[in-house]
Amino acid sequence: MTIRERRRAETRTTIQRHAIRLFVDRGYDATTVNDVAVAAGVSAMTVYRHFATKEDLVLYDEFDQVAAATITELPADEPLVVRIARTLAATYDQAIADREFHLARLRLMISTAALRARHLDSQYATQEALVTALCAGSEDPALEFQARAAASACLGVLHIAVLRWAAEDGRPDLRTLFEEAFTATFGHAF
């Protein structure tokens, strides 16, 4: 990563952290992008350069890119749902390294109507990233259909685990919740 890319990432992180804090303290609807800019010590234009919409201040992460890269490293001979579940678990483990920040983001996504709708779009983007990675170099429509079905099912299972994790204030181990939900759904562990 170049110095410029690192600074850009640091600015994006700073802006997002201030946004999450303000949204939690004041409420999502009561906080403006200008409020976020002032708190982060940047201009509103800088906020919009890093986040195209107000919703992106909460929803932005690199989950899709990390998941797509991770899934290509797993053995191709494993069942699709197992590969996808392992990918999602590993990616989520990285994503929630900062538990309190991630928990605050999730609570905002759950409690704010505009964010719930966009969160579903985000899940679709994750599904597409996984399908694209799994089907790279293949023209087989059956593989694409299977990958899409498996990714959608695994994301649904993860979503249920994440909702419970957030409802229980992040106390239970998220990976364990995901494994339990996966086993309940598919009849076996991943």
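Helix H1 doesn't sit alone: what covers its buried residues includes helix H2 (33-40), helix H3 (44-50), helix H4 (56-59) and helix H7 (99-111). Keep in mind that this is a predicted model. Besides H1, the other thing to look at here is the charged pairs, with 15 salt bridges turning up in a search of the whole structure.

**Helix H1**

- H1 takes in residues 3-26, and its 24 residues should span 34 Å at 1.5 Å a residue. The C-alpha atoms at its ends are 34 Å apart, so the expected span and the model agree.
- If you want to find the covered side of H1, look for Ala9, Arg12, Ile15, Gln16, Ala19, Ile20, Leu22 and Phe23, which are buried. Note that the list has charged-residue company for its Ala, Ile, Leu and Phe members, in the form of Arg12.
- Right after H1 comes Gly27, and its phi is positive, near 105°.

**Arg175 and its two partners**

- Arg175 pairs with Asp93 through a side-chain salt bridge, at 2.6 Å from N to O. Arg175 belongs to helix H10 (residues 174-186) and Asp93 to helix H6 (residues 80-95), so this pair ties together parts that lie 82 residues apart in sequence.
- Arg175 also has a salt bridge with Glu179, where the closest N and O atoms are 4.0 Å apart. Here both residues are in helix H10, four residues apart, which means about one helical turn separates them.
- How exposed are these side chains? Arg175 is partly exposed at 28% relative accessibility. Asp93 is partly exposed too, with a relative accessible area of 36%, and Glu179 is likewise partly exposed at 32%.

**Other salt bridges**

- Asp169 and Arg171 make a salt bridge, with 3.8 Å between the closest N and O atoms. Asp169 is partly exposed at 33% relative accessibility, whereas Arg171 counts as exposed at 65%. The cut-off for exposed is over 50%, so Arg171 passes it, while Asp169 falls in the partly exposed range.
- Which residues form a network of salt bridges? Glu55, Asp56 and Arg118 are the ones linked in this way.

Terms used:
Residues numbered from 1 in each chain as written. Predicted model: local features only at pLDDT ≥ 70, side-chain atom pairs only at ≥ 80, totals over all residues. Heavy atoms only, no water. Helix = DSSP H or I, 4+ residues; strand = E, 2+ residues; numbered from the N terminus. Buried < 20%, exposed > 50% of the residue type's maximum accessible area, 1.4 Å probe, protein only. Expected span 1.5 Å × (residues − 1). Contact = heavy atoms within 4.5 Å.
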